[in-house]
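The following exercises are to be solved with the sequence and the coordinates at hand. Each task is followed by a worked solution.

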Amino acid sequence: MTDAVAAGPWPRNATFDGTGLTIAGVPAAELAHRFDTPLLVVDEDDLRSRCRLVRATFPRACYAVKAFTSHSVVRIAIDEGLDLLAATGGEVEACLRAGAPASGVVFHGNAKTDDEIGLALDAGIGLVIADGLDELRRLDVAARERDRAQPVLLRVVPEVEVRTHEAIATGHDASKFGTALPAALDVMRAAEAMRGVRLDGVQAHVGSQVLDVEPFLRTLDTLVELAGRAKQAAGIVVGTIDIGGGFGVRYVDEHGFPIDVLGRALLARLAEGAERWAIEVPELLVEPGRWLVPTPASRCIESSRRRPWRAGDACSPSTAA
Ligand SMILES: Cc1ncc(COP(=O)(O)O)c(C=O)c1O
């Protein structure tokens with residue numbers, strides 16, 4: 001199951017034969033005829049398998065709902081035991097509407113409005129990922145007004161470069177997402193002093209469609225080192241380390257992403273790092289989006305309706321489960 005699921009964007013129940021693409025026994029041409037195109041088809045069995053693999057691999061995982069904010073998809077992620085990552089107030093509402101407990105929703109984003117912060121606090125969102133000092137101050141005021149102490153993670157820029165499209169690389173030192181690494185400790189100190197905020201840990205997200213394991217390990221090392229320094233310099237206990245999402249998928253000729261290999265490597269590295277820095281092992285959190293819903297482009301269905309798939313087509317069937 002793992003190999004087939006990890007190999008490509010095709011759902012595990014996709015098959016190709018002389019008549020074209022079939023998904024879980026239903027010919028794509030029939031779906032296209034019934035619903036018209038463009039059409040996104042989700043193989044529930046495949047989605048659940050992916051959720052289960054993520055769930056079994058990492059201690060805690062949030063589905064980044066921006067990848068596909070479909071009500072049914074979000075409900076399945078909840079049903080399979082994943083928490084949810086929302087990037088906007090609208091996504092927070094979508095998560096709650098789908099039945100997520102507020103405590104299982106994590107709210108991030110680098111441009112949260114005061115209204116969105118208020119919405120998250122009023123809903124009792126479990127964790128907010130703050131980009132920096134300005135946001136922490138706004139959060140602190142809003143939480144104190146509500147007589148609360150909001151659990152937060154501080155997003156930092158880990159200065160890790162990744163091989164992906166430049167528009168979706170977010171871990172390099174010029175990134176506008178998060179607090180610059182050299183300033184992180186001071187911001188953590190400031191957060192610790194805020195009554196309306198409870199600093200639970202640190203987060204980084206290096207980009208999307210990343211196919212190498214190495215950048216995630218380097219990100220983890222950076223965050224563990226920050227946790228160690230925070231403990232040494234200020235007695236700050238980092239309970240959670242969140243390395244973000246961005247695990248790549250196979251669209252055309254990319255290799256698949258070995259999520260289980262990554263999981264094992266991260267956990268081993270986390271234990272080693274915690275020992276080296278003499279800190280309690282923080283809980284590891286990940287935020288996969290695309291990897292859970294690597295929906296093939298609707299053009300595949302389009303082309304299968306017109307004619308059977310042929311070698312050389314953009315969407316290769318060679319990875320069909
Ligand atoms: C902070 C954060 N986490 C997770 C994700 C999910 O990324 P992906 O869908 O590539 O896994 C994103 C996507 O932009 C993000 O910005």
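**Exercise 1: Helix H9 and its surroundings**

Just after H9, Gly-235 adopts a positive phi of about 65°. The model is a predicted one.

Task: Determine whether the end-to-end distance of helix H9 agrees with its number of residues.

Solution. Step 1: H9 covers residues 214–234, which is 21 residues. Step 2: at 1.5 Å a residue, the expected span is 30 Å, because the rise is multiplied by one less than the number of residues. Step 3: the end C-alpha atoms lie 30 Å apart, so the two values agree.

Task: State which residues of H9 are buried and what covers them.

Solution. Step 1: the criterion for buried is under 20% relative accessible area. Step 2: the buried residues include Pro-215, Phe-216, Leu-217, Leu-220, Leu-223 and Ala-230. Step 3: among the elements that cover the buried residues of H9 are helix H8 (181–192), helix H10 (259–276) and strand E10 (197–203).

**Exercise 2: The packing of H6 and H7**

Task: Classify the crossing of helix H6 (residues 114–123) and helix H7 (residues 133–145), and describe the contact.

Solution. Step 1: the two axes come within 10 Å and cross at roughly 50°. Step 2: this angle makes H6 oblique to H7. Step 3: the crossing is right-handed. Step 4: H6 contributes Asp-114, Ile-117 and Leu-121 to the contact, while H7 contributes Glu-135, Arg-138, Leu-139, Ala-142 and Ala-143. Step 5: by class, these residues comprise five nonpolar, no polar and three charged.

Key
Residues are numbered from 1 along each chain as its sequence is written. This is a predicted model: local features need pLDDT of at least 70, side-chain atom pairs count only at pLDDT 80 or more; totals for chains, interfaces and linings use all residues. Side-chain values use heavy atoms; hydrogens and water are left out. Helices (H or I, at least four residues) and strands (E, at least two) are DSSP runs, numbered from the N terminus. Buried means under 20% relative accessible area, exposed over 50%, partly exposed in between (1.4 Å probe, protein chains only). Contact means heavy atoms within 4.5 Å. Axes are lines fitted to C-alpha atoms, for helices over the stretch in contact, and angles run from 0 to 180 degrees between N-to-C directions. Angles under 35 degrees count as roughly parallel, over 145 as roughly antiparallel, 65 to 115 as roughly perpendicular and the rest as oblique. A crossing is left-handed if the near helix is turned anticlockwise from the far one by less than a right angle, and right-handed if clockwise. Ala, Val, Leu, Ile, Met, Phe, Trp, Tyr, Cys and Pro count as nonpolar, Asp, Glu, Lys and Arg as charged, and the others, Gly among them, as polar.
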